[in-house]
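Me: Please take a close look at the charged pairs near the start of this chain, and then place them in the context of the rest of the fold. I would like one connected account rather than a list.

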Amino acid sequence: MLDIFDKELEKRGHRFVRYADDVNIYVRSRRAGERVMASAAQFLMRRLRLKVNATKSAVGDLGSRTFLGFCFTRGKVARRRIAPKSLERFQERVRALTRRTRGVGFRGLIVELSRYLRGWRGYYGYCETPSVLRRMDGWVRRRLRAYLWEQWKHRRRRYRALRKLKVRHELAAKLAGSGRGAWRLSLSPALCYALPNALFAQLGLVQLAPEPNR
(Lines give C-alpha, C1' and ligand atoms only; values in the text may rest on other atoms or scores of the structure.)
Protein backbone atom coordinates (compact mmCIF):
# COMPACT_ATOMS: atom_id res chain seq x y z
CA MET A 1 0.00 0.00 0.00
CA LEU A 2 2.80 2.44 0.84
CA ASP A 3 4.38 2.02 -2.60
CA ILE A 4 1.93 4.75 -3.65
CA PHE A 5 3.37 6.97 -0.94
CA ASP A 6 6.92 6.25 -2.16
CA LYS A 7 5.99 7.27 -5.70
CA GLU A 8 4.38 10.46 -4.41
CA LEU A 9 7.52 11.43 -2.50
CA GLU A 10 9.66 10.67 -5.55
CA LYS A 11 7.32 12.76 -7.68
CA ARG A 12 7.79 15.67 -5.28
CA GLY A 13 11.58 15.29 -5.44
CA HIS A 14 12.06 14.39 -1.76
CA ARG A 15 14.95 12.40 -0.37
CA PHE A 16 13.59 9.76 1.96
CA VAL A 17 14.02 6.26 3.36
CA ARG A 18 11.23 3.89 4.33
CA TYR A 19 11.03 0.46 5.97
CA ALA A 20 7.51 -0.95 6.42
CA ASP A 21 5.52 1.90 7.98
CA ASP A 22 8.55 3.78 9.31
CA VAL A 23 9.72 6.64 7.08
CA ASN A 24 12.18 9.54 7.32
CA ILE A 25 12.06 12.45 4.85
CA TYR A 26 15.14 14.68 4.60
CA VAL A 27 14.86 18.41 3.88
CA ARG A 28 17.06 21.46 4.36
CA SER A 29 15.35 23.36 7.17
CA ARG A 30 12.92 22.98 10.06
CA ARG A 31 10.41 25.18 8.29
CA ALA A 32 10.54 22.92 5.23
CA GLY A 33 10.28 19.89 7.51
CA GLU A 34 7.11 21.16 9.15
CA ARG A 35 5.57 21.93 5.76
CA VAL A 36 6.50 18.54 4.28
CA MET A 37 5.34 16.61 7.34
CA ALA A 38 1.95 18.29 7.24
CA SER A 39 1.61 17.67 3.51
CA ALA A 40 2.72 14.02 3.79
CA ALA A 41 0.30 13.39 6.66
CA GLN A 42 -2.56 14.83 4.63
CA PHE A 43 -1.68 12.58 1.70
CA LEU A 44 -1.60 9.47 3.90
CA MET A 45 -4.88 10.26 5.62
CA ARG A 46 -6.89 11.52 2.65
CA ARG A 47 -5.50 9.56 -0.29
CA LEU A 48 -4.61 6.27 1.42
CA ARG A 49 -7.05 6.44 4.33
CA LEU A 50 -4.30 5.68 6.84
CA LYS A 51 -3.90 6.93 10.39
CA VAL A 52 -0.71 8.85 11.20
CA ASN A 53 0.78 8.32 14.67
CA ALA A 54 1.14 11.91 15.90
CA THR A 55 3.15 10.91 18.99
CA LYS A 56 5.92 9.30 16.90
CA SER A 57 5.91 11.86 14.09
CA ALA A 58 8.15 14.90 14.52
CA VAL A 59 10.51 17.32 12.82
CA GLY A 60 14.10 17.22 14.04
CA ASP A 61 17.72 17.49 12.95
CA LEU A 62 19.78 14.54 11.71
CA GLY A 63 21.34 13.92 15.09
CA SER A 64 18.07 13.62 16.98
CA ARG A 65 15.92 11.50 14.65
CA THR A 66 16.57 7.76 14.53
CA PHE A 67 15.72 5.13 11.95
CA LEU A 68 16.02 1.38 12.61
CA GLY A 69 18.56 1.99 15.36
CA PHE A 70 20.65 4.52 13.41
CA CYS A 71 20.89 8.29 13.14
CA PHE A 72 23.37 10.73 11.58
CA THR A 73 26.23 12.87 12.80
CA ARG A 74 25.91 16.64 12.67
CA GLY A 75 28.16 18.73 10.45
CA LYS A 76 28.78 19.42 6.78
CA VAL A 77 29.18 15.73 5.96
CA ALA A 78 26.54 13.57 7.66
CA ARG A 79 27.72 10.09 8.59
CA ARG A 80 25.56 7.17 9.63
CA ARG A 81 26.03 6.39 13.31
CA ILE A 82 24.50 4.09 15.91
CA ALA A 83 21.69 5.73 17.84
CA PRO A 84 22.41 6.37 21.55
CA LYS A 85 19.50 4.16 22.66
CA SER A 86 20.87 1.30 20.58
CA LEU A 87 24.21 1.62 22.37
CA GLU A 88 22.43 1.70 25.73
CA ARG A 89 20.60 -1.52 24.92
CA PHE A 90 23.88 -3.08 23.81
CA GLN A 91 25.54 -2.24 27.12
CA GLU A 92 22.57 -3.49 29.11
CA ARG A 93 22.75 -6.84 27.31
CA VAL A 94 26.51 -7.18 27.83
CA ARG A 95 26.13 -6.30 31.52
CA ALA A 96 23.50 -9.03 31.84
CA LEU A 97 25.77 -11.57 30.16
CA THR A 98 28.79 -10.66 32.30
CA ARG A 99 27.12 -10.65 35.71
CA ARG A 100 29.33 -12.46 38.21
CA THR A 101 26.34 -14.21 39.79
CA ARG A 102 25.44 -16.08 36.57
CA GLY A 103 27.78 -18.93 37.48
CA VAL A 104 29.06 -19.40 33.93
CA GLY A 105 32.63 -20.49 33.26
CA PHE A 106 34.82 -17.94 31.53
CA ARG A 107 35.18 -19.87 28.28
CA GLY A 108 31.44 -20.48 28.22
CA LEU A 109 30.89 -16.77 28.78
CA ILE A 110 33.15 -15.93 25.83
CA VAL A 111 31.09 -18.25 23.61
CA GLU A 112 27.76 -16.71 24.70
CA LEU A 113 29.07 -13.18 24.47
CA SER A 114 30.63 -13.74 21.05
CA ARG A 115 27.36 -15.11 19.72
CA TYR A 116 25.62 -11.88 20.71
CA LEU A 117 28.48 -9.67 19.47
CA ARG A 118 28.54 -11.40 16.10
CA GLY A 119 24.84 -10.76 15.53
CA TRP A 120 25.09 -7.18 16.77
CA ARG A 121 28.07 -6.51 14.51
CA GLY A 122 26.22 -7.99 11.55
CA TYR A 123 23.60 -5.27 11.90
CA TYR A 124 25.32 -2.24 13.42
CA GLY A 125 28.72 -2.82 11.83
CA TYR A 126 27.46 -0.81 8.84
CA CYS A 127 27.80 2.43 10.78
CA GLU A 128 30.27 5.04 9.48
CA THR A 129 31.79 5.82 12.88
CA PRO A 130 34.24 2.96 13.59
CA SER A 131 35.62 4.81 16.62
CA VAL A 132 32.37 3.96 18.43
CA LEU A 133 32.87 0.26 17.66
CA ARG A 134 36.46 0.45 18.95
CA ARG A 135 35.20 2.11 22.13
CA MET A 136 32.64 -0.64 22.63
CA ASP A 137 35.33 -3.29 22.05
CA GLY A 138 37.42 -1.73 24.81
CA TRP A 139 34.41 -1.51 27.12
CA VAL A 140 33.57 -5.21 26.57
CA ARG A 141 37.14 -6.26 27.36
CA ARG A 142 37.05 -4.12 30.49
CA ARG A 143 33.83 -5.90 31.55
CA LEU A 144 35.60 -9.24 31.08
CA ARG A 145 38.61 -8.17 33.15
CA ALA A 146 36.29 -7.05 35.94
CA TYR A 147 34.37 -10.33 35.63
CA LEU A 148 37.52 -12.42 36.09
CA TRP A 149 38.74 -10.28 38.96
CA GLU A 150 35.48 -10.87 40.81
CA GLN A 151 35.60 -14.59 39.96
CA TRP A 152 39.00 -14.89 41.59
CA LYS A 153 37.37 -13.47 44.77
CA HIS A 154 40.12 -13.82 47.38
CA ARG A 155 43.52 -12.19 47.72
CA ARG A 156 45.53 -15.43 47.51
CA ARG A 157 43.65 -16.68 44.48
CA ARG A 158 44.08 -13.32 42.77
CA TYR A 159 47.78 -13.33 43.50
CA ARG A 160 48.24 -16.87 42.13
CA ALA A 161 46.23 -16.02 39.01
CA LEU A 162 48.30 -12.91 38.34
CA ARG A 163 51.59 -14.76 38.85
CA LYS A 164 50.40 -17.49 36.48
CA LEU A 165 49.77 -14.75 33.93
CA LYS A 166 53.40 -13.56 34.24
CA VAL A 167 52.82 -10.49 36.45
CA ARG A 168 55.83 -9.68 38.67
CA HIS A 169 55.63 -10.68 42.33
CA GLU A 170 55.62 -7.12 43.71
CA LEU A 171 52.98 -5.89 41.29
CA ALA A 172 50.82 -9.00 41.71
CA ALA A 173 50.95 -8.70 45.52
CA LYS A 174 50.06 -5.02 45.41
CA LEU A 175 47.15 -5.53 43.02
CA ALA A 176 45.81 -8.61 44.85
CA GLY A 177 45.78 -6.66 48.12
CA SER A 178 44.07 -3.60 46.69
CA GLY A 179 40.78 -2.60 48.23
CA ARG A 180 39.55 -0.92 45.05
CA GLY A 181 36.57 -2.27 43.16
CA ALA A 182 36.78 -4.60 40.20
CA TRP A 183 35.57 -2.01 37.68
CA ARG A 184 38.22 0.49 38.71
CA LEU A 185 40.98 -2.13 38.76
CA SER A 186 39.97 -3.35 35.31
CA LEU A 187 41.86 -0.35 33.89
CA SER A 188 45.02 -0.94 35.94
CA PRO A 189 48.20 -1.52 33.89
CA ALA A 190 48.89 -4.79 35.72
CA LEU A 191 45.50 -6.33 34.94
CA CYS A 192 45.64 -5.11 31.34
CA TYR A 193 49.08 -6.74 31.08
CA ALA A 194 47.83 -9.98 32.63
CA LEU A 195 44.70 -10.04 30.44
CA PRO A 196 45.74 -8.37 27.15
CA ASN A 197 43.56 -7.94 24.08
CA ALA A 198 45.44 -10.76 22.38
CA LEU A 199 44.35 -13.21 25.08
CA PHE A 200 40.67 -12.45 24.47
CA ALA A 201 41.24 -12.85 20.73
CA GLN A 202 42.84 -16.27 21.33
CA LEU A 203 39.80 -17.31 23.36
CA GLY A 204 37.58 -16.43 20.39
CA LEU A 205 36.07 -13.14 21.53
CA VAL A 206 34.40 -11.47 18.55
CA GLN A 207 35.61 -7.96 17.75
CA LEU A 208 33.14 -5.28 16.67
CA ALA A 209 35.48 -2.84 14.94
CA PRO A 210 37.05 -3.81 11.61
CA GLU A 211 40.75 -4.55 11.55
CA PRO A 212 42.83 -1.47 10.59
CA ASN A 213 44.35 -1.46 7.12
CA ARG A 214 47.97 -2.52 7.08
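Reply: In this predicted model, Asp3 is partly exposed, its relative accessibility being 47%. The side chain of Asp3 meets that of Arg18 in a salt bridge, with a distance of 3.5 Å from N to O. Because Asp3 belongs to helix H1 (residues 3-11) and Arg18 to strand E1, this pair ties together parts that are 15 residues apart in sequence. Arg18 likewise counts as partly exposed, at a relative accessibility of 25%. The contact does not stand alone, since Asp6 joins Asp3 and Arg18 in a network of salt bridges.

A further charged pair is formed by Arg12 and Glu8, whose closest N and O atoms lie 2.9 Å apart in a salt bridge. Here the two partners fall into separate classes of exposure: Arg12 has a relative accessible area of 33% and is partly exposed, whereas Glu8 counts as buried because its value is 16%, and the cut-off for burial is under 20%.

From Arg18 one can follow the strand to which it belongs. Strand E1 (residues 15-19) pairs with strand E2 (residues 22-26) in the antiparallel sense, over five bridges. At the end of E1, Tyr19 has Asp22 of E2 as its bridge partner. Two residues separate the strands of this hairpin, and one of the residues there, Ala20, takes a positive phi near 55°. That value is positive in a residue other than glycine, and Ala20, which lies in the loop between E1 and E2, counts as partly exposed at 46% relative accessibility.

Tyr19 also leads away from the hairpin, as it forms a nonpolar surface patch with Leu68 and Tyr123, the three together having about 310 Å² of accessible area. Leu68 is placed in the loop between helix H2 (30-47) and strand E3 (70-72), and it is partly exposed, with a relative accessible area of 34%. The backbone of Leu68 again shows a positive phi near 55° in a residue other than glycine.

Turning back to charged contacts, the search of the whole structure finds six salt bridges. One that involves later parts of the chain is that of Arg102 with Glu112, in which the closest N and O atoms are 2.8 Å apart. Since Arg102 lies in the loop between H3 and helix H4 (106-124), and Glu112 in H4 itself, the pair ties together parts that are ten residues apart in sequence. Both partners count as partly exposed, with relative values of 29% for Arg102 and 26% for Glu112.

The helix that precedes this loop, H3 (residues 84-97), has 14 residues and reaches 20 Å from its first C-alpha to its last, which is close to the 20 Å expected at 1.5 Å a residue. Its buried residues are Ser86, Leu87, Phe90, Gln91, Val94 and Leu97. They lie on the same side of H3 because they cover an arc of only 135° around the axis. On the face turned away from that buried side, H3 carries the exposed residues Lys85 and Glu92.

Conventions. Residues are numbered from 1 along each chain as its sequence is written. This is a predicted model: local features need pLDDT of at least 70, side-chain atom pairs count only at pLDDT 80 or more; totals for chains, interfaces and linings use all residues. Side-chain values use heavy atoms; hydrogens and water are left out. Two strands pair if DSSP finds at least two bridges between them. Helices (H or I, at least four residues) and strands (E, at least two) are DSSP runs, numbered from the N terminus. Patches are made of residues with over 30% relative accessible area and no salt bridge: like charges are joined within 9 Å, nonpolar side chains (Val, Leu, Ile, Met, Phe, Trp, Tyr) within 5 Å. Accessible areas come from the Shrake-Rupley method with a 1.4 Å probe; for residues, only the protein chains shown count as cover. A salt bridge is a side-chain nitrogen of Lys or Arg within 4 Å of a carboxyl oxygen of Asp or Glu. Buried means under 20% relative accessible area, exposed over 50%, partly exposed in between (1.4 Å probe, protein chains only). The expected span of a helix is 1.5 Å times one less than its number of residues. The arc is that of the directions from the helix axis to the C-beta atoms.
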